[in-house]
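Me: I would like to work through a protein structure by question and answer. Please show it, and let us then begin.

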Amino acid sequence: MSETTSTAQEGIDQIEDDPIEVRRAKREALIAAGKNPYGHAFAYSHHIDELDAKYAELPDGESTEDEVQIAGRIMAKRDQGKIMFLELRDATADIQLFCRINTLGEEAYAELKDLDVGDWIGACGTMIRTRRGQLSVAVESFELLSKSLRPLPEKFHGLADKETRYRQRYVDLVMNPEVRSTFEARFKIISAIRSYMESQGFYEVETPILHPILGGANAKPFITHHNALDKDFYLRIATELHLKRLLVGGFEKVFEIGRQFRNEGMDPFHNPEFTTMEAYQAYSDLEGMMELTQGYIQAAAMAACGTLQITFQGNEIDLSGEWPRKSMIQLIEEESGEKVDFGMSRDELVRIAEKYGVKAEEAWGKGKLIAEIFEATAEDKLIQPTFVIDHPLEVSPLAKKKPDNENLTERFELFICGHEYANAFNELNDPVDQAERFQAQVAAKETGDDEAMGYDDDYVRALEYGMPPAGGVGIGIDRLVMLLTDSASIRDVLLFPHMRDEAK
């Protein structure tokens, strides 16, 4: 052992009860010896899953002269004197490294023994299968690519605490392989939706995140200040109004996959920052949006699950076939036995709402009360995919009225397992009607509705130039990923969910 190594080892022995300090001492010893603990680029020849496939038929106890170079993180280490076994993990799989002092030489073998679980290394060697049947790389040389200063969680217990897992997603991904599978499914879902939309002739576009006027949905916003303009802006709560401006400009089919921001509560189905896909198609209607929605959800399910028969939190869901359409009022009557309609007095609707635990607010009209009664009585009963149609005008300020009932709109929400997944309209393209509805939203805001929209003069002006009849739809990507990965919480499908401050 060299003098430098001996001195470093004495220092390590003194702090051996603190694993982080032990690793820091090793880092300092490497630097003192003129070695870089954080390496450089490494040209690997294979991913580990490629080696698993290529050498699947290699018999037990057989060796090859096939040289390979692989890189990854050390996940386990077993020292047997002059032989050492390491478990190496890359982005695809794990493999055993078979390391012998006679091959590496005493100095390199001593450096190998000094490596820690969690370190990243590159290794060169030949492919073998041990007598016990373990495919391995017989290491001829290696190099440290990154020194890990914090030990990974103890392997047997892993990383189980939910708060820690969400807060330290990087460790969660290392210790819990199923988490990586969830996010790989998310990537496939988004890719499948994008591919499906493009196959239907839609252009993907980008619209502003900073909005001067609150619009496109009913929600509480995040507010920020634009220094150059000396004006407050809202982080967008929806992409709708800008996308429909593009229809005015002559685009026929547009969609956007992007982040929305709503300054509201957090629960298993809500996060203040979330991802949606919104799409708008000129000359289409609600039926067209239903067909489109079935198409991209089924494409996403096949990409992520390979089947349209899925399970979500114990419920068997069938995503195939034609999904039923039912009106909101019809579902209230079916699920609760209550008869509701716009011919009833507001007091009668308040009585029914309060019977089901809804606390009615003074600003609510009949339409809002009916929507709240639906949510309280029928929403959670909708397990199989169902398009809920005929929404009250009061809660649908951007949808066309039904020709035969001015209290209702041509709108649907898609419900699965009691939760909303998509929202669609026959888009309102009458600028006079739209202006009146914006005015109603402003009035609602003045009476205390802090989720009501503002009056968007420019959007009304755009409609005055003429927007063709159109269908539009929006879907929550995070909820869809939850559904297709059987995840109980939205935090399970967000790489970095919002968290309360960590206790010091």
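Me: Is Glu420 buried, partly exposed or exposed?
Reply: This is a predicted model, in which local features need pLDDT of at least 70 and side-chain atom pairs count only at pLDDT 80 or more, while totals for chains, interfaces and linings use all residues. Residues are numbered from 1 along each chain as its sequence is written, and side-chain values use heavy atoms, leaving out hydrogens and water. Buried means under 20% relative accessible area, exposed over 50%, and partly exposed in between (1.4 Å probe, protein chains only). The relative accessible area of Glu420 is 29%, so Glu420 is partly exposed.

Me: Where does Glu413 lie, and is Glu413 buried or exposed?
Reply: Helices (H or I, at least four residues) and strands (E, at least two) are DSSP runs, numbered from the N terminus. Glu413 lies in strand S17, residues 405–416. Its relative accessibility is 10%, so Glu413 counts as buried.

Me: Which feature does UniProt place at Glu413 and Glu420?
Reply: UniProt positions are given in the numbering used here, feature names are shortened, and annotations may be inferred rather than shown by experiment. Contact means heavy atoms within 4.5 Å, and the residues that Glu413 touches include Glu420. For Glu413 and Glu420, the unreviewed UniProt entry gives the feature "binding site".

Me: Which strand is joined to S10 by nine bridges?
Reply: Two strands pair if DSSP finds at least two bridges between them. Strand S6 (residues 203–204) runs parallel to S10 and is joined to it by two bridges, with Tyr203 opposite Val254. The nine bridges belong to an antiparallel pairing, in which Lys253 of S10 stands opposite Gln281. The partner there is strand S11.

Me: Why is strand S10 largely enclosed by the rest of the structure?
Reply: Strand S10 covers residues 253–261. The strand is largely enclosed because the number of its nine residues that are buried is seven.

Me: Which helix gives the largest share of the largest nonpolar core?
Reply: A nonpolar core is a set of buried Ala, Val, Leu, Ile, Met, Phe, Trp, Tyr and Cys residues joined through side-chain atoms within 4.5 Å. The largest has 45 residues, and Tyr296 is one of those with the most contacts inside it. Its largest share, eight residues, comes from helix H10.

Me: How many residues are in the second, separate core?
Reply: Among its members are Leu86, Leu104, Tyr109 and Ile121. The number of residues in this second core is 27.

Technical notes. Lists of a residue's contacts leave out its neighbours within four places in sequence.
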